[in-house]
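I opened my notebook to look up a few things in this structure, starting with a strand pairing. Here is what I wrote down.

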Amino acid sequence: RAEFEGYSAEELEAIDTVFVLAGRIISSRSFGKVIFFHLQDRTGRLQCYADKSRIDENEFKIFKKLDVGDIVGVNGTLFRTKTGELTLSCSSVKLLTKSFRPLPDKHAGLTNVEMRFRQRYVDLIVNPKARDVFRKRSRIIREFRNFMENRDFVEVETPMMHPLAGGANARPFVTHHNALDMELYLRIAPELYLKRLIVGGLEKVFEINRSFRNEGTDTKHNPEFTMCEFYWAYATFWDLMDLTEDLFSSIAYAVCGSTIVTYQEDEIDLTKGKWERITFHDSLEKYGNHKPEFYTDTEAVKNYLLSRGEKNLDNLGIGKLQSMLFDLDVEPKLIQPTFVYYYPAEISPLARRNDENPELTDRFELFIAGGELANAFSELNDPVDQRIRFQKQMEAKNLGDEEACPLDEDYLRALEYGMPPTAGQGIGIDRLVMLLTDSPSIREVIFFPHLRHEV
């Protein structure tokens, strides 16, 4: 259609070409011996015109009985109607597939949100915006991959079933391998396997992966999700900040035509060089309005969190409590791109300690539009320190923390062979797509999000 949209009626009449098309009938208007209908395929919609005098009599009889939703094949020539609409004058119309269920009302569309997600196939038929979101998602991933490959990162694949649920603090999904008679965990993160590859000398690796976390669902969380993790030997988390600004601004410009995008009425400026960088503790003061004498007082923070509705705080250290404080009072306020760095070591079991303050780590998280989009750090490559951190995680696990990392002896063995200084990062692809498509929920950008059984 786009090729001939600019042609005049006379230019179309001069084209001696019969076009053969196939698609779904989206609308139909019958005037007795003449029928106008719109045909839709993956490229868009085109008006078609069927005149009884130009079509085989039996074909026309069958065609008059067809319904909106049926899939047909047509051939004919192009012309313009009196109103100027590009139209295909059909010389043949044949039924290819019968639709046994009616499509939603053409004016109201499919407006029931839950039905849209349960019946994505119908959503894609009747909602052009849904199709546009997923086309843009595909392009975002393609641009992401091109960006990494152009910087000499090697794309790799790591296991999706792990003997240990490591690489992140999260509850795993558990399965069982019958032949090996062993319990396995669906991947919560590829981190420990990717860092094994850094030990092996690949030096710059990335994986666009599906990961699984046995957690609740909301507008930003789905149990099955897509992210990219990448690792860069001889780099630091400061290098990753620069790379991330370049990555996001490049993808936004390629996909949206600008580094300034609108998300839920907020104008987000992704232009490289304009992103805020602030320490974790400074953000508690600047955005959370909490003074150091408060956020360093374990009992004071615990009482405050209890007053905000948090529970089960008895065995948590100050670092974990500060993290909960951040989630409540800081994260929702970080609208423009913001790197929050120097996280407490207590909540960063795989990150390298800061040289000047070992209680902190060389780690950052990226926040945009009030939500986290990335997590990165200079990697911990000291096997002794890593073993101590793992042991503390196991102590937390024994006290009831179901998200604590297990002790991974094989990963420690890999570190003992020597991992170069490395920086690593994970970026939520689904959340990036949400940002660049102005989608308020992660369910809008996943073809088939997880939902409860229909009642």
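Entry one, a residue pair. I looked up the partner of Thr-175 and found that Thr-175 stands opposite Leu-184 in E9. A reminder to myself: I am reading a predicted model here.

Entry two, the strands around that pair. How many bridges join E8 to strand E9? I noted four, and the two strands run antiparallel. Strand E9 covers residues 182–186, while strand E8 covers 174–177.

Entry three, the sheet. I then asked in what order the three strands of this open sheet come. The order is E7-E9-E8, with antiparallel pairing. I marked E7 (161–162) and E8 as the edge strands, since each of them pairs on one side only.

Entry four, a charged patch. I went on to the surface and picked out a negative patch formed by Glu-215, Asp-218, Asp-401 and Glu-403. Where is the place of Glu-215? I found Glu-215 in the loop between strand E10 (204–212) and strand E11 (224–233). Is Glu-215 buried or exposed? My note says partly exposed, because its relative accessible area is 30%, and that class lies between the cut-offs of 20% for buried and 50% for exposed.

Entry five, the whole chain. I counted up the elements last: the chain has 14 helices and 18 strands. Its C-alpha trace spans about 85 × 55 × 50 Å along the principal axes. I also jotted down that 48% of the 455 residues count as buried.

Notes
Residues numbered from 1 in each chain as written. Predicted model: local features only at pLDDT ≥ 70, side-chain atom pairs only at ≥ 80, totals over all residues. Heavy atoms only, no water. Pairing = 2+ DSSP bridges. Patch = residues over 30% accessible without salt bridge, like charges linked within 9 Å, V, L, I, M, F, W, Y side chains within 5 Å. Areas by Shrake-Rupley, 256 points an atom, 1.4 Å probe, with all protein chains shown as cover. Salt bridge = Lys/Arg side-chain N within 4 Å of Asp/Glu carboxyl O. Lys, Arg positive; Asp, Glu negative; His and termini not counted. Charge placed at Lys NZ, Arg CZ, Asp CG, Glu CD. Buried < 20%, exposed > 50% of the residue type's maximum accessible area, 1.4 Å probe, protein only.
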